[in-house]
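Me: Please take a close look at one ligand in this model and at what lies around it. Which residues make up its surroundings, and how is the part of the chain that gives the most to them packed?

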Amino acid sequence: MSKIIVSGLKPSGELHIGNYLGAIKQLVELQKKDYKRFYFIADYHALTTKYDPKEKREQIFNMAVDALASGIDPKKSIIFLQSDVPAHNNLAWLLGTVTSSGQLNRMIEYKEKVQAGHVPNAGLLNYPILMAADILIYDANFVPVGEDQRQHLELTRDIAETFNGRFGKTFQLPNALHNETSRVMSLSDPTKKMSKTMPNGCLFLSDPPKVVEKKIMSAQTDSQTSISFDPKKRPGVSNLLSIYSSISGKSTEKLVKEFEGKGYAGFKKSLAKEMVAFLKPLQTKRKKLLKDRRGVMKILEAGAKKANPIAEKKLAEVKKRAGLI
Ligand code: ADP
Ligand code: TRP
C-alpha cells in the first residue's frame with residue numbers, strides 16, 4: 001500500500017517565493033512519487049489570531065488558487081478545506097483529553113505569538129491538537145514540514161503515543177519530511193527570513209515583472225564585487241544564489257562559475273529575468289483561477305467528498321477505542 005502524506009497550508013496572507021520554495025514546491029514535487037496525498041487549506045487554523053472575516057474568506061480562496069496554480073493537482077492529490085471535514089475537529093477533542101496543558105504551553109509558536117501581543121485565546125493554545133488530528137486522522141506516514149512546525153509534529157507523535165498507550169495501538173506515528181530549501185531570506189535584509197510582514201524584501205508570487213525586477217535589482221548585497229556562495233559571511237549574495245538555484249535547477253556552484261568575473265548588476269539582471277519567466281505560467285494560471293471561483297470551490301468540494309469517508313472511518317475506530325461506541 002502507498003505511504004500516506006498529509007500537509008496543511010494555512011491561509012494567512014499573500015504567498016511569497018519563501019512560502020513557495022519553503023513549502024509548496026515540495027508538495028508539488030511529492031506528487032511525482034507513489035504516495036497517497038492529503039493536502040488541505042487549514043482554514044480553522046487561520047482563525048486563532050484576530051482577523052477580518054471578509055479578508056479571511058479571500059485569503060482562503062487565494063490560498064486554494066495559489067496551491068492549484070503552483071501545481072497541486074486534484075487528479076494526483078486530495079485537496080480540500082479543513083473545515084469541510086468535521087472529523088478533524090471531532091478527533092481534536094478526543095486528542096485534547098490525552099494532552100496536558102503543560103505540553104501546549106511549551107510550544108514555541110504559541111509563546112512567540114503571545115509575546116508578539118496576540119490574544120492567548122484557547123484556539124491559539126489548542127492549535128497543535130487540531131494539527132495532530134489533521135495528521136493522525138489519515139494515518140499519515142510523512143508530513144512535509146518547515147523548521148517552524150517541527151515541534152508541533154513532535155507533539156503529534158507524543159499525543160499519538162499517549163493515546164496508543166492508554167487505548168491500544170490506534171495511530172500511526174508520523175515522520176517529518178524535511179525540505180531542502182531551508183529558508184529564503186529577505187531581499188532587503190538578508191539576515192532575516194523573507195516574510196510578508198516585511199513587504200519590501202518580499203517577492204510575492206503575484207508581483208508583476210516590473211516589481212520583480214525592481215526588488216531584485218535593489219536587493220541588499222555587500223561591498224565586494226565578485227559572486228561567491230558563503231551564507232555566513234555573504235548572506236545577501238548567497239540568498240540570491242540559493243533562490244536562483246531553486247528556480248533554475250542549477251547548483252549554486254554552477255551559478256558561481258557562470259557568473260565568475262561578472263558584477264552584481266549582470267547577475268541580478270539574469271536572476272530577475274529567470275524569476276519573471278518562472279512566475280509567468282504560475283501567474284497566468286492564477287489569473288484564470290481567480291476568475292473561476294465556482295470551479296475552484298468545486299475542486300475543494302470534490303476533495304472533501306473523498307476525504308470525509310476516510311476521516312469518518314478513522315474517527316469511528318477512535319471513538320470505539322475511547323469507549324464512546
Ligand atoms: P510569513 O512569514 O510570510 O508570515 P508564514 O508564516 O505564513 O509566512 O509561512 C507559511 C509557511 O511557509 C511556513 O510554515 C514555512 O514553512 C514557509 N515559509 C515562510 N517563509 C519562509 C521563508 N522565508 N523561507 C522558507 N520557507 C518559508
Ligand atoms: N500549522 C501549519 C502551519 O502553520 C499548517 C498545518 C495545519 C499543517 N495542519 C497541518 C501542516 C497538518 C502539516 C500537517 O504552516
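Reply: The surroundings of ligand 2 come first, followed by the packing of one helix and a short look at the other ligand.

The model is predicted, so local features need pLDDT of at least 70 and side-chain atom pairs count only at pLDDT 80 or more, while totals for chains, interfaces and linings use all residues. Residues are numbered from 1 along each chain as its sequence is written, chains are lettered from A and ligands numbered from 1 in the order written, and side-chain values use heavy atoms, leaving out hydrogens and water.

The shell around ligand 2 (residues with a heavy atom within 4 Å) consists of Ser7, Gly8, Lys10, Phe40, Ala42, His45, Tyr127, Met131, Asp134, Ile135, Val143 and Gln149. It divides into six nonpolar, four polar and two charged residues; here Ala, Val, Leu, Ile, Met, Phe, Trp, Tyr, Cys and Pro count as nonpolar, Asp, Glu, Lys and Arg as charged, and the others, Gly among them, as polar.

Polar contacts to ligand 2 are pairs of N or O atoms within 3.5 Å. Polar side-chain atoms of Tyr127 and Asp134 each lie 2.7 Å from a nitrogen atom of ligand 2. For Gln149, the distance from a polar side-chain atom to a ligand nitrogen is 2.9 Å. The protein covers 89% of the 370 Å² that ligand 2 exposes on its own (Shrake-Rupley, 1.4 Å probe).

Strand 1 (3-9) and helix 6 (122-136) are the elements that give two or more residues to this shell; helices are DSSP runs of H or I with at least four residues, and strands are runs of E with at least two, numbered from the N terminus. Helix 6 contributes the most, with four residues.

Helix 6 also packs against helix 3 (residues 87-96), at about 120 degrees and with the axes 8 Å apart; axes are fitted to C-alpha atoms over the stretch in contact, and angles run from 0 to 180 degrees between N-to-C directions. The crossing is right-handed, meaning that the near helix is turned clockwise from the far one by less than a right angle. From helix 3, His88, Asn89, Leu91, Ala92, Leu95 and Gly96 meet Ile129, Leu130, Ala132, Ala133, Asp134 and Leu136 of helix 6 (heavy atoms within 4.5 Å). This contact holds eight nonpolar, three polar and one charged residue.

Ligand 1 has 14 residues around it, divided into two nonpolar, eight polar and four charged. A backbone N or O atom of Val184 lies 2.7 Å from a nitrogen atom of ligand 1.

Terms used: A polar contact is a pair of N or O atoms within 3.5 Å; within protein, one must be able to donate a hydrogen and the other to accept it, and residues adjacent in sequence count only if both atoms are side-chain atoms.
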